[in-house]
Amino acid sequence: TGDVHLDQATARVDIDVTAAPDGAMKIAGPMAIDGGSGGIRSGDSFRLSYQGIGADFPDARIDLAPDGTALVEGRPEARFSGFALAAPVALEAAVAVATSKSLRVVSPAEGVLVEFHGGLALEDVAAPVNDDRRLRAQTTAFDLDAMRYDEEPSAAARLTSGIGMRAGGIRMEGKDAPPFPVRDGTVTLAGLDLALTAEGGVRRLALAPETGAVLEGEARGRPHHLTLGLDRLEITDLDPAVPDQLTQADIVLTVNERGRIELSERVKPFARPPEFVFDGSIRDLELPELSPYLAALIGLNAESGRFAAIGRATAENAKLKGVVDLDIQTLDLVAAAKKGRDPVVDLAGVPVDLAIALLENADRRIDVSLPFSGDLSSIEVDYCDVIRTALLGAVRLAVTGPLQGGKPGRATRLALGLGL
């Protein structure tokens, strides 16, 4: 259920066509097309539109075999104005230029093979964050290295590639938008390996350990630099057509060479209500290095502090249950905004200094356990929202417990009657 449409197109073709008695055909020569608005749609999974297009295929070579196999080679380039992607993600750009260093397409009667090396450059890019804000970048560029798409006769497919992304001049726009911590960034997705089922589900998604990101910006008048390294990412058996199938996801990240984040989940994401077992840990995370991101997310700057946490959450029979154990050393937080309400008052019910003092022991260490639970029985519930709400209640109880005669630094179990 897809289509391609183009208004007011003008084509320029200067090709040689050679036909053989057996039905084979060779086409070679330059091709170009200019047009107005148009678009490409493939069901609800891919929707692209544009206000103008100029495509140039200066060295097209097309071989058609008698059995219907088609081999396409060359280095096409396409320039779009008013570029707008609605799915799988929302993205707009004033100008988009797709280039190819090499292109090879083999299309037999059943299945298809595409080998591609090229890129996509975008100017004046905008992506919505919510109804009031959007993220903008002056330039964004994607490089695809040795991309290969191999579709089997059954329609199952495999995509492999190396992908690089660079973005510059990043900023947040919109109502009460805080300064965005990243100005420039590069992301490298090394060794992408994606295997798809015939129905479009994910059989396996993996990235090579060389995957990483470098983010740079300026906050409080000082430059900052964040490096993320991916030691492991693997997701298997993710298919909305099989809601009872168990999906497995494992992620291991390194943050600025010292911090380490490990996440593991066994989940039935398309079951209603959802079922999952989630385990995660964070070690040796230096909070000052993340201060610009904390300021953007929760309105607080970290002057000092080392963070560690171990968490586990389960969802079974529509009941959420979990616990997060925190270990934070020498924490010092200040409000990012010079004026306005202390964000910790909204989070924990008391000012930030008092919250830290209530949780710390004599060694300036916060050792607190945050149990939480919730109800997932409603088919409309977003279980991520339930987890956030439950954790917020646990934080408030941990902080205010000592004021009410509770034991400092330890939270009692909290069961939230969310009425969901």
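Which residues in helix α1 (residues 291-298) are buried? They are Ser291, Pro292, Tyr293 and Ala295. Buried here means under 20% relative accessible area, exposed means over 50%, and partly exposed is in between, using a 1.4 Å probe and protein chains only. Helices (H or I, at least four residues) and strands (E, at least two) are DSSP runs, numbered from the N terminus.

Before going on, know what you're looking at: this is a predicted model, where local features need pLDDT of at least 70, side-chain atom pairs count only at pLDDT 80 or more, and totals for chains, interfaces and linings use all residues. Residues are numbered from 1 along each chain as its sequence is written, and side-chain values use heavy atoms, with hydrogens and water left out. As for pLDDT, that's the predictor's confidence in each residue, from 0 to 100. The chain averages 84, and 85% of the residues score at least 70. Over residues 407-420, though, the pLDDT is below 50, and this stretch has 41 contacts in the model beyond near neighbours in sequence. A contact means heavy atoms within 4.5 Å.

Back to α1. The cover over its buried residues includes β17 (212-219), β18 (222-238) and β22. Right after the helix comes glycine 299, with a positive phi near 75°. On the other side, the loop between β21 and α1 holds glutamate 289. This glutamate 289 counts as partly exposed because its relative accessible area is 25%. Not counting residues up to four places away in sequence, glutamate 289 touches Asn256 and Arg258.

Now step into strand β21 (residues 275-286), where you'll find serine 281. Serine 281 has a relative accessible area of 16%, so it is buried.

Next, the largest nonpolar core. Such a core is a set of buried Ala, Val, Leu, Ile, Met, Phe, Trp, Tyr and Cys residues joined through side-chain atoms within 4.5 Å. This one has 34 residues, and Phe307, Leu326, Leu331 and Leu333 touch the most other members. At least two core residues come from each of β20 (259-268), β21, β22 (300-316), β23 (319-335), α3 (352-359) and β24 (365-375). Apart from this core lies another, of 13 residues, including Leu48 and Val125. In soluble globular proteins, nonpolar side chains tend to be buried together.

Finally, take a look at β24. Of its 11 residues, 9 are buried. Strands β23 and β24 run antiparallel, joined by 11 bridges; two strands pair if DSSP finds at least two bridges between them. One example is lysine 319, whose bridge partner in β24 is aspartate 375.
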